[in-house]
Amino acid sequence: GRAHALTFGFPVPGGERAADGWRVTWRGCAVMGVLNVTPDSFSDGGRYASLEAAVTRARAMRDAGARVIDVGGESTRPGAEPVPAEQELDRVRPVLRALAGEGALLSVDTMKPEVAREALAAGAHLVNDVTGLRDPGMVEVCAGAGAPACVMHMRGEPRTMQRSPQYRDVVAEVHAFLRERAAAVLAAGVPSVLLDPGLGFGKTAAHNLALLRALPELTCGPHPVLVGASRKKMIDLLAGVPNAADRDPGSLALHLHAARQGAAMVRVHAAGVHVQALRVQAALEDPTFTPGR
Ligand SMILES: Nc1nc2ncc(COP(=O)(O)OP(=O)(O)O)nc2c(=O)[nH]1
């Protein structure tokens, strides 16, 4: 698989010293494990609300092969009400502190600069901002800390984003947004970025499909691409799976496609399932791969 890299302004687990910081490199598609420490996340809300349950879940995903654990304290599902910064921080900070010394790369899934700043101080290594660092304060926090950012496209905000989203050309508009934000964020001193088309964030299933089919236009660029389709509504629309917790097979199908199109990382709930399937797919596609016997 293709080589990918993220550069950090500080030492990180698995990072090598480089001229411009500490670089984490990998080949093929890596797994980012979702750790929602919220009471209301759409597919697993409330399951990891206790610190012990959250840490146990994170360790299980890391041991299953997840390269990053994405810790989120505020649901971004359609219709979600915003959570006050202090409350969001109270959810994520203890988990980040507990996981800081455990050797996994940690990202904090937040839209708020003040949460990102405290999360980085508590042990997070990168920031996953579903607004694409819309708030200039977030750019300052990431640049100041030397933390990479995931720049994701969202049209509007979680509370209202699914009210009849429309685009002239969803692929052109989303890709232009990501390229523009990446350039701006890097110019402001953020050490590196991941780009994410933001499946389901102000998009219909048709928009999501168009973006998934156009992934090569994004993955051919200089920045690693993250794709998050895990357990999302589009899987119900494609395969008739009304219960989000039952959608891991469909999630895997979408993520294997994304990996074949050059995605550098997929954001998933079922980490072990994805690690195994991605390893098999990578071996299948690697003509130089020789099985053990
Ligand atoms: N970069 C990125 N971040 C994301 N954060 C949350 C969700 C929504 O999924 P989940 O966290 O499982 O649900 P909730 O937002 O309800 O906690 N999807 C993405 C995504 O696709 N890409």
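Biologist: In which sense do strand β8 and β9 pair, and over how many bridges?

Modeller: Strands of a sheet pair through backbone hydrogen bonds, either parallel or antiparallel. Strands here are DSSP runs (E, at least two residues), as helices are runs of H or I of at least four, numbered from the N terminus; two strands pair if DSSP finds at least two bridges between them. Strand β8 (residues 149-152) and β9 are joined in the parallel sense by four bridges, and Ala 149 has Val 193 of β9 as its bridge partner. This is a predicted model, in which local features need pLDDT of at least 70 and side-chain atom pairs count only at pLDDT 80 or more, while totals for chains, interfaces and linings use all residues. Residues are numbered from 1 along each chain as its sequence is written, and side-chain values use heavy atoms, with hydrogens and water left out.

Biologist: What is the strand order of the open sheet?

Modeller: The order of its eight strands is β9-β8-β7-β6-β5-β4-β11-β10, with parallel pairing. At the edges are β9 (193-196) and β10 (226-227), each of which pairs on one side only.

Biologist: Why is strand β5 described as largely enclosed?

Modeller: In a regular strand the side chains alternate between the two faces of the sheet. In β5, Val 68, Asp 70 and Gly 72 point one way, and Ile 69 and Val 71 the other. A residue is buried if its relative accessible area is under 20%, exposed if over 50%, and partly exposed in between (1.4 Å probe, protein chains only). Because five of the five residues of β5 (residues 68-72) are buried, the strand is largely enclosed by the rest of the structure.

Biologist: Which helices connect β5 to β4 and to β6?

Modeller: A crossover is right-handed if, with the strands pointing away from the viewer, the path from the first strand over the helix to the second runs clockwise. Helix α1 (residues 51-63) forms such a right-handed β-α-β unit with β4 and β5. From β5 the chain crosses through helix α2 (residues 85-99) to β6, again in a right-handed crossover. Gly 72 has Asp 109 of β6 as its bridge partner.

Biologist: Which polar contacts does the ligand make with Asp 109 and Asp 196?

Modeller: A polar contact with the ligand is a pair of N or O atoms within 3.5 Å; within protein, one must be able to donate a hydrogen and the other to accept it, and residues adjacent in sequence count only if both atoms are side-chain atoms. A ligand nitrogen atom is 2.8 Å from a side-chain N or O atom of Asp 109, and a polar side-chain atom of Asp 196 lies 2.7 Å from a nitrogen atom of the ligand.
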